[in-house]
Amino acid sequence: MLKTTDYAHLLIKEHVEENSIVIDATCGNGFDTFFLAGLVPSGKVIAYDIQENAIKNTKELTKEFNNIEYHLESHENIKVVNCRAVLF
């Protein structure tokens, strides 16, 4: 049986394309942001968190990627219209 996170990743892989816009609504330590950035190399990941330390940890883990936009704010402020996936 798949863990919940693995199942969510599997579903997202089926629905995004390399140029998609995707959102990590609570980036935490950056594991989902890292996963998403690898899926959309010519797209964009928009990562949100309300904790500075979470943004810092995510930036450190994902420093090899240049397709991530970081926001130190709540995901309730998301204003993206054309995204293909959102992870919480």
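Tyrosine 48 has histidine 71 of E3 as its bridge partner. That pair belongs to the parallel pairing of E2 and E3, which runs over five bridges. Keep in mind that this is a predicted model.

Zooming out, E2 and E3 sit in an open sheet of four strands, ordered E3-E2-E1-E4, with parallel pairing. Strand E3 (68–72) and strand E4 (85–87) are the edges, each pairing on one side only. On average, neighbouring strands of the sheet are turned by 15° against each other, ignoring direction.

Here is how the pairings look side by side.

| Strand pair | Sense | Bridges |
|---|---|---|
| E1 and E4 | parallel | three bridges |
| E1 and E2 | parallel | four bridges |
| E2 and E3 | parallel | five bridges |

As general background, strands of a sheet pair through backbone hydrogen bonds, either parallel or antiparallel.

Strand E1 (residues 21–24) pairs with E4 and is also joined to E2. Aspartate 24 shows this nicely: alanine 47 stands opposite it in E2, while leucine 87 is the bridge partner of aspartate 24 in E4. Isoleucine 23 also faces E4, where valine 86 stands opposite.

What does H2 touch when it packs on the sheet? H2 touches E1, strand E2 (44–49), E3 and E4, and its direction makes about 170° with that of E1. With over 145° counting as roughly antiparallel, H2 therefore runs roughly antiparallel to E1.

Now for the connections. Going from E1 to E2, the chain passes through H2, and this β-α-β crossover is right-handed. From E2 the story continues with helix H3 (residues 52–61), which makes a right-handed β-α-β unit together with E2 and E3.

H2 has a helix partner as well. The axes of helix H1 (residues 4–15) and helix H2 (residues 31–39) come within 11 Å and cross at roughly 20°. Since angles under 35 degrees count as roughly parallel, H1 is roughly parallel to H2. The crossing of these two helices is right-handed.

Which residues make the contact between H1 and H2? On the H1 side they are Thr5, His9, Ile12 and Lys13, and these meet Asp32, Phe35, Leu36 and Leu39 in H2. Sorted by class, this contact has four nonpolar, two polar and two charged residues.

Put together, H2 is a handy place to start browsing: H2 meets H1 through residues including Phe35 and Leu36, packs on the sheet, and lies on the chain's path from E1 to E2.

Methods:
Residues are numbered from 1 along each chain as its sequence is written. This is a predicted model: local features need pLDDT of at least 70, side-chain atom pairs count only at pLDDT 80 or more; totals for chains, interfaces and linings use all residues. Side-chain values use heavy atoms; hydrogens and water are left out. Axes are lines fitted to C-alpha atoms, for helices over the stretch in contact, and angles run from 0 to 180 degrees between N-to-C directions. Angles under 35 degrees count as roughly parallel, over 145 as roughly antiparallel, 65 to 115 as roughly perpendicular and the rest as oblique. A crossing is left-handed if the near helix is turned anticlockwise from the far one by less than a right angle, and right-handed if clockwise. Contact means heavy atoms within 4.5 Å. Ala, Val, Leu, Ile, Met, Phe, Trp, Tyr, Cys and Pro count as nonpolar, Asp, Glu, Lys and Arg as charged, and the others, Gly among them, as polar. Two strands pair if DSSP finds at least two bridges between them. A crossover is right-handed if, with the strands pointing away from the viewer, the path from the first strand over the helix to the second runs clockwise.
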